[in-house]
Amino acid sequence: MVDRAESGRGEPRLAGRARRLLLDAFLPPLCLACAGPVQQSGQLCASCWNGARFIAPPLCACCGAPFELAMPEGTLCGACLAEPPPFARARAALSYEGVGRDLVLGFKMADRTYCAPAFAEWLARTGAALLAEADLLVPVPLHRWRLLARRFNQAALMAHELSRRTGLQVLPDALVRLRSTPSQASLRAAERAANVRGAFAVRRGAKSKLEGRRVVLIDDVLTTGATAGACARALLKAGASSVDVLTLARRDRKSDGII
Ligand SMILES: [Zn+2]
Ligand SMILES: [Zn+2]
């Protein structure tokens, strides 16, 4: 059951649908990636569809990195064997290259909040196994200054949409970002890990809700896994029984296929 008070939306399901139908009637549907015209809302245009790289098995059983060659189920990539991440499994809908990057950046930088329902549908499909075993959804938080500048947290938006679909409860404020970390974009893996170390904590009031629960952490993009790892560590420390990670996109690491 979705706890409406907890999800912080308070918006009845029907009202949300009616609003979307109303918006569709007045605003032409736009491609999720390039904002060009499409037939129906929640779609990619033909050119973006052809350029999008959706991730499919075979994958690393832990971090979800795609393998180039068929591998037995349960195989781990070299990176996960060398240093197992704090989260159990990470899965992503598509590669953060080309159209994948346009989708992520358009969503958070260009206010394309209309993308959230379609992205939640992709997350539900990609993360079906993770969501089937989950108790709670927790979005990766933004620092409050960044939230003020952007006005919305793209991860929380996807978590709320996913909650509507799955009935899983979302705890939007379970995690707090203690400091505003510099952008991860230009940093190497080791610098990224140092950059986010200790940057997240579980809010005091959320601890009792996390104890013994299986959490799926929601974010827009998985890069080195440093942010997801730091969040997972905080959630596990607060008593969560397991943490999986579900993101819209993941950055390729060319060495992932080598074991
Ligand atoms: Zn397009
Ligand atoms: Zn891996």
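In this predicted model, helix 12, which spans residues 226-237, lies across four strands, namely strand 1, strand 2 (136-139), strand 6 and strand 7, and runs at about 160 degrees to strand 6. The helix has 12 residues, and the distance from its first C-alpha to its last is 16 Å, close to the 16 Å expected at 1.5 Å a residue. Helix 12 is mostly covered, with nine of its 12 residues buried; these are A226, T227, A228, G229, A230, C231, A232, A234 and L235. After the helix comes G239, whose phi is positive, near 115 degrees.

Among the residues of helix 12 is T227, which counts as buried because 25 C-beta neighbours are found inside 10 Å, where 20 or more are required. Along the chain T227 stands 30 residues from R197, and the C-alpha atoms of these two residues are separated by 8.4 Å. T227 also takes part in the packing of helix 12 with another helix, helix 10. Helix 10 comprises residues 189-196, and its axis is 9 Å from that of helix 12, the two helices packing at an angle of about 35 degrees. This crossing of helix 10 and helix 12 is right-handed. On the side of helix 10 the contact is made by R192, A193 and V196, and on the side of helix 12 by A226, T227 and A230. By character, the residues of this contact divide into four nonpolar, one polar and one charged.

The strands covered by helix 12 can be placed within an open sheet of five strands, which has the order 1-7-6-2-3 and parallel pairing. Strand 1 (90-95) and strand 3 (169-170) are the edge strands of this sheet, each pairing on one side only. In general, the strands of a sheet pair through backbone hydrogen bonds, either parallel or antiparallel. Strand 6 (residues 214-222) and strand 7 (residues 242-250) run parallel and are joined by eight bridges; in one of the residue pairings between them, I218 has L246 of strand 7 as its bridge partner. A further helix, helix 5 (residues 99-109), lies across strand 1, strand 6 and strand 7, and its direction makes an angle of about 100 degrees with strand 7.

A second packing of helices involves helix 6 (residues 116-126) and helix 9 (residues 154-166), whose axes come within 8 Å and cross at roughly 65 degrees. The crossing of helix 6 and helix 9 is likewise right-handed. Helix 6 contributes A116, P117, F119, A120, L123 and A124 to the contact, while helix 9 contributes L157, M158, E161, L162, R165 and T166. Of the residues that form this contact, nine are nonpolar, one is polar and two are charged.

For the protein chain as a whole, the secondary structure comes to 12 helices and seven strands. The chain has 259 residues, of which 40% count as buried. Among its contacts between residues at least 6 apart in sequence, 73% join residues at least 24 apart.

Terms used
Residues numbered from 1 in each chain as written. Chains lettered and ligands numbered in written order. Predicted model: local features only at pLDDT ≥ 70, side-chain atom pairs only at ≥ 80, totals over all residues. Pairing = 2+ DSSP bridges. Contact = placed C-beta atoms within 7 Å. Axes fitted to C-alpha atoms, helices over the stretch in contact; angles between N-to-C directions. Expected span 1.5 Å × (residues − 1). Left-handed = near helix turned anticlockwise from the far one by under 90°. Nonpolar A, V, L, I, M, F, W, Y, C, P; charged D, E, K, R; others polar.
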